[in-house]
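Welcome! Here is a short tour for anyone opening this structure for the first time.

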Amino acid sequence: EYRSRGTATDMAASVTFLITDASGTSPLKTQDILRPGDRLGVRYGNPTSHKTLTVLGYDGTRIHWVYPGQAGEAAVAIQSGKDAINVRLPEDVVFAPGEIQGSELKLVAAFDVAPERLAAQIRAQDVTGATQLSLRWQEK
């Protein structure tokens, strides 16, 4: 009997950004709108052996710390292996009015990269290999 064992892409680590607003929770897509009060969540799959996940936002002016929650904190350990599929990070982030400068927020997530290093890569616009998503920020 033949049974599929999955493909290489089935076994790849992945990150999905989520929004929870008045209409519920759904995956974010490029150029979706994020507003003050919306909850930004992160779900990952790590069937491989990655040890940590860092998630940051960048509005063209400043870095916004998502996971870990503030500058100076170490990357946080994550689950790995065959059971680490669709794992939701324990905390969502809510941005306050005026917190995001401008009208765009770029989200960047990377496995096994120190948070301060990822922040430097974002500022240098060198985030090859990271998961990226550009959102529109709307105050009203």
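Which residue of strand 11 does Leu34 stand opposite? The partner of Leu34 is Trp137 in strand 11. Please keep in mind that this is a predicted model. The protein chain holds one helix and 11 strands, and the points below walk through how some of them are arranged.

**Overall build**

- Reading from the N terminus, the order of elements is β-β-β-β-β-β-β-β-β-β-α-β.
- The radius of gyration of the protein chain is 16 Å, close to the 14 Å that the globule rule gives for 140 residues, so the chain is as compact as a globular protein of that length.
- The C-alpha trace spans about 60 × 35 × 25 Å along its principal axes.
- Among the 140 residues of the protein chain, 39% count as buried.
- Of the contacts in the protein chain with a separation of 6 or more, 76% come from residues 24 or more positions apart.

**Strand 1 and its partners**

- Strand 1 covers residues 14-21 and runs antiparallel to strand 4, residues 39-45, with seven bridges joining the two.
- In this pairing, Ser14 stands opposite Gly45 of strand 4.
- Strand 1 is also joined to strand 2, residues 24-27, by four bridges, again in an antiparallel arrangement.
- Here Ile19 stands opposite Ser26 in strand 2.
- The connection from strand 1 to strand 2 is a hairpin through two residues.

**Strand 11 and its partners**

- Strand 11 spans residues 131-137 and pairs with strand 3, residues 33-34, in the parallel sense over two bridges.
- Strand 11 pairs with strand 10, residues 104-111, in the antiparallel sense over six bridges.
- One bridge between strands 10 and 11 has Ala109 and Thr131 as partners.

**A look at Ser80**

- You can find Ser80 in the loop between strand 7 (76-77) and strand 8 (87-88).
- Is Ser80 buried or partly exposed? With a relative accessible area of 41%, Ser80 is partly exposed.
- Leaving aside residues up to four places away in sequence, Ser80 touches Asn46, Thr48, Ser49 and His50.
- Ser80 and Ser14 lie 66 residues apart along the chain, and their C-alpha atoms are separated by 12 Å.

**Backbone details in the loops**

- The peptide bond from Tyr67 to Pro68 is cis, with omega near 5°.
- Pro68 has its place in the loop between strand 6 (63-67) and strand 7.
- Asp112 is not a glycine, yet its phi is positive, at about 55°.
- Asp112 sits in the loop between strand 10 and helix 1 (115-123), and its relative accessible area of 40% makes Asp112 partly exposed.
- Gln125 also has a positive phi, near 55°, in a residue other than glycine.
- Gln125 belongs to the loop between helix 1 and strand 11, where Gln125 is exposed because its relative accessible area of 73% is over the 50% cut-off.

**Surface and charge**

- About 8,100 Å² of the protein chain is exposed, and carbon and sulfur atoms supply 47% of that area.
- The protein chain carries 15 positive and 16 negative charges, whose mean positions are 3 Å apart.

Terms used:
Residues numbered from 1 in each chain as written. Predicted model: local features only at pLDDT ≥ 70, side-chain atom pairs only at ≥ 80, totals over all residues. Heavy atoms only, no water. Pairing = 2+ DSSP bridges. Rg over C-alpha atoms; globule rule 2.2 N^0.38 Å. Buried < 20%, exposed > 50% of the residue type's maximum accessible area, 1.4 Å probe, protein only. Contact = heavy atoms within 4.5 Å. Areas by Shrake-Rupley, 256 points an atom, 1.4 Å probe, with all protein chains shown as cover. Lys, Arg positive; Asp, Glu negative; His and termini not counted. Charge placed at Lys NZ, Arg CZ, Asp CG, Glu CD.
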